[in-house]
Amino acid sequence: MHMTLASIELTLTLLQQTCVYLVIAYLLTRTRIFIPLMHVTIRLPHRATCYIVFSLFCILGTYLGLKIDDSIANTRAIGAVLGGVLGGPSVGLAVGFTGGLHRYSLGGPSALACMVSTVAEGLIGGLFHYYMMRRGRFDTLFNPLPVALVTFCAEVAQMLVLLLLVQPPAAARHLVEQLAVPMLVANSLGAALFMRILLDRRELYERQSSVFSTKALGIAARVEGLLRSGFNVDTSTLVARIVYEETGVGAVAITDTQNLLAFIGIGSAHHLPGTPIHSALTLKAIESNEVVYADGNEVAYRCSIDPKCPLAASLIIPLVGEEGRVIGTIKLYEPRTRLFSTINRALGEGIARLLSNQILAGRYMRQRELLAQSEIKLLHAQVNPHFLFNALNTLSAVIRRDPERACNLVLNLSTFFRNNLKRPSEEACLGEEIAHVSAYLEIEQARFLGQLVVELDIPDDLRLVRMPAFSLQPIVENAIKHGTSQLLGVGHIRISASSANDMMLLSVEDNAGLYVEPATSSGLGMHLVRRRIAARHGSAFGLDIACEPEVFTRVMLKLPLTPCEAATALEGFHA
Amino acid sequence: MNVLIIDDESPAREEIARLLGKESDIRILGQCSNAIEGIAAINRLNPEVIFLDIQMPRVSGLEMLSMLDPEKMPRVVFLTAFNEYALQAFDQNAFDYLLKPIDPARLDITLKRLRRDRTPTPALFDAAAPLKQVPCPGHQRVLLIKVEDIEYATSKTGGVYVTVSNGSEHFTELTLRTLEEKTPFLRCHRQYLVNPDQIKELSFLEAGTVEIVTRNNHHVPVSRRLLGELKEKLGLL
């Protein structure tokens with residue numbers, strides 16, 4: 001009876017000690033050194049960490065023990081077992097040996113037995129690790145209940161070791177009677193709680209990162225492509241609203257280097273988009289290309305527009321464009337009543353990088369578009385000077401002989417040049433293209449007077465088919481320049497359109513058959529036309545060339561059968 | 001002053017003809033619509049001046065110059081719609097050129113120069129590029145035979161003929177003198193030029209005469225007078 005009471009008393013005292021031990025453990029789990037211990041790991045540096053941490057806990061368990069007679073009731077087993085459970089047999093052995101050696105150095109009749117048993121406990125933890133790993137059940141290693149059971153077994157083993165090694169046997173029995181219950185209870189419970197603490201830390205950590213990634217992914221998905229169409233008030237407002245909704249901060253602002261482009265959230269009544277940047281902090285961020293964080297405590301933040309503004313903290317991140325130049329900022333705000341969460345601070349920088357990349361991609365795309373546009377312009381401007389002056393020369397001859405026909409020629413010239421000067425609106429319908437080409441051909445026919453015969457075969461229902469503007473003219477010009485104009489006899493040009501399998505086939509054929517692979521001059525126009533069609537509609541469409549020398553050259557444009565919109569079609573009739 | 005107009009665009013011909021028609025001292029001998037017709041007309045009509053378009057089918061105005069007989073080289077006035085960089089290759093004193101549409105005042109200057117000096121300009125022929133192809137008018141169309149495909153050329157009563165590898169013979173407006181000057185062909189006989197790349201052997205006959213056998217076994221006579229010179233040029237001495 002007396003034994004039991006003493007045993008309960010000792011158990012409670014040892015549990016108190018265990019609490020101190022666990023508080024230390026809890027505090028340590030908040031530090032970075034515990035991060036590797038939250039996963040089962042086989043990497044050497046992580047194992048080393050595991051060894052050092054649990055060896056310290058092993059020694060701590062000894063120091064926090066209670067001296068009973070010449071022996072110590074302790075919680076050393078927790079460190080040894082957990083070291084083995086998380087680090088494997090080798091770490092378990094090493095921790096056990098370290099803790100055991102330390103215990104041995106303190107001396108006493110049970111010193112040797114304690115050392116041996118600590119090594120055994122580390123090994124038991126390690127074997128549990130090994131067994132579970134083999135079965136692929138990593139989660140069990142972090143489950144407090146099995147860990148408690150393993151520790152319990154390890155303690156039973158320790159008791160057996162004490163019975164075997166402590167001399168005389170009577171002393172051993174006495175010692176075990178005293179220690180068994182308190183140590184079994186305290187160690188098993190302690191190991192389970194230690195594991196629980198680790199587990200909680202891990203869950204918290206994972207929850208934080210999952211919140212972070214959910215937010216980041218949400219923003220990334222929603223702003224995708226928005227800024228590509230340009231960095232302006234409209235797109236910035238859309239982006240600012242998304243960032244505002246996803247992060248839940250007090251307010252979001254986007255500026256370029258001079259003006260406020262968008263402001264969403266608290267204080268939007270006096271932060272007006274389109275007004276110049278007021279805040280000195282923003283200007284500093286733009287100038288230095290550095291993140292500026294005014295938390296309202298260490299770095300004062302005061303709204304520069306309205307002193308009554310409830311916003312009290314501000315994070316300003318520069319948006320970076322070509323060659324690392326700052327092109328604007330994104331600003332996140334929190335009001336006086338709320339804390340700036342670290343997640344949002346980290347997110348802010350990520351968002352800024354995302355937006356910067358988008359703006360860059362947009363600029364790049366627009367530049368490419370411009371380039372394509374200017375290539376078309378070049379094609380337009382490529383009006384052969386020979387053509388122009390020869391046409392004028394023809395006109396000066398025709399004026400005298402046939403004023404009526406000369407008037408007609410002037411009209412054709414006007415139509416041709418008007419179409420050439422027109423901004424490449426990129427889209428035209430076949431009717432417009434035929435009108436353009438007809439004007440050109442009429443002039444050429446006047447030049448070559450009877451030496452050029454033109455035949456057009458365009459079904460009315462295909463005249464409304466859409467095509468990239470200025471696709472037909474270069475082909476026809478080639479057919480004359482490198483085809484019929486090289487004939488000593490009469491030249492024939494035939495332009496015809498047909499449809500088959502959702503495709504319009506537009507063919508330009510001459511009777512010269514002088515086509516050669518464009519190593520030389522004819523290359524640019526034809527090449528551009530092919531590239532434009534293929535780029536727009538895919539490689540099934542484009543341009544085919546067939547040539548039988550001295551007989552014919554036929555260039556076939558393959559276009560999708562998509563009708564023009566009404567407005568363009570009307571324009572086509574006017575042209 | 002006898003002139004010939006060569007231009008492939010009929011309104012353009014009409015226009016220059018109209019302008020020239022105002023001048024009492026100018027007689028238009030004819031109009032041609034391409035270079036091949038032009039060569040024939042020059043050979044036939046011996047104009048003092050040609051008004052020559054540069055951009056023409058198959059054989060350009062510039063190319064045509066190398067096909068003319070250097071002895072019959074007329075004065076040349078080029079007609080061009082746009083600055084022709086190729087003209088820079090020629091001696092600026094050897095020719096004149098007019099931009100289309102033609103400014104009558106500018107034409108006046110040209111005509112004044114011509115009245116002052118209408119001596120032929122062989123310099124222009126010398127400066128012209130070597131001949132790459134020989135135009136041979138056929139029934140329906142004009143053949144342009146590559147110089148390297150010709151085995152030999154001969155002058156007959158009907159005119160000059162070139163013989164190609166397959167043995168077929170084609171009439172050409174070009175004279176032997178033109179071919180001799182503007183191609184690598186060698187004179188082996190008063191009436192024959194041979195393409196040295198096509199010679200297979202020199203065959204010495206019993207009568208003391210010599211013949212060239214071409215790669216395709218055509219026989220080309222060699223005159224005694226020219227034998228030495230030929231051997232020298234072929235590197236046989």
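I count two strands as paired if DSSP finds at least two bridges between them.

**Entry 1: the model.** I note that this is a predicted model. For the complex, the predictor reports an ipTM of 0.84 together with a pTM of 0.56. I looked up chain B as well: its mean pLDDT is 89, with 97% of its residues at 70 or more.

**Entry 2: the sheet of chain A.** I traced an open sheet of 5 strands in chain A, ordered S9-S11-S12-S14-S13, and recorded its pairing as mixed. At its edges I found strand S9 (452-457) and strand S13 (542-548) of chain A, each of which pairs on one side only. Ignoring direction, I read an average turn of 15 degrees between neighbouring strands of this sheet.

I then followed one pairing in detail. S9(A) and strand S11 (residues 491-500) of chain A run parallel and are joined by 6 bridges. In this pair I located A:Leu452 opposite A:Gly491 of S11(A).

**Entry 3: helices on the sheet.** I looked for helices packed on the sheet. Helix H14 (residues 430-448) of chain A touches S9 and S11 of chain A, and its direction makes about 165 degrees with that of S9(A). Helix H15 (residues 472-481) of chain A also packs on the sheet, where it touches S11, strand S12 (503-510) and strand S14 (552-560) of chain A. For H15 I noted an angle of about 25 degrees with the direction of S12(A).

**Entry 4: a helix pair in chain A.** I examined helix H2 (residues 44-63) and helix H4 (residues 89-106) of chain A, whose axes come within 9 Å and cross at roughly 30 degrees. Angles under 35 degrees count as roughly parallel, and I therefore entered H2(A) as roughly parallel to H4(A). The crossing of H2(A) past H4(A) is right-handed.

I listed the residues that make the contact. On H2(A) they include A:Tyr51, A:Phe54 and A:Ile59; on H4(A) they include A:Val91, A:Val95 and A:His102. Sorted by class, this contact has 8 nonpolar, 5 polar and 2 charged residues.

**Entry 5: chain A against chain B.** I looked up the contact between the chains and found 19 residues of chain A in contact with 17 residues of chain B. Helix H12 (385-401) and H14 of chain A each supply at least two residues of the side of chain A that touches chain B. H12(A) gives the most to this side, with 10 residues. By class, I recorded 10 nonpolar, 8 polar and 1 charged residues on the side of chain A that touches chain B. H14(A) thus enters my notes twice, as a helix packed on the sheet and as a contributor to the side facing chain B.

Key. Residues numbered from 1 in each chain as written. Chains lettered and ligands numbered in written order. Predicted model: local features only at pLDDT ≥ 70, side-chain atom pairs only at ≥ 80, totals over all residues. Helix = DSSP H or I, 4+ residues; strand = E, 2+ residues; numbered from the N terminus. Axes fitted to C-alpha atoms, helices over the stretch in contact; angles between N-to-C directions. Contact = placed C-beta atoms within 7 Å. pLDDT = per-residue confidence, 0-100. Parallel < 35°, antiparallel > 145°, perpendicular 65-115°, else oblique. Left-handed = near helix turned anticlockwise from the far one by under 90°. Nonpolar A, V, L, I, M, F, W, Y, C, P; charged D, E, K, R; others polar.
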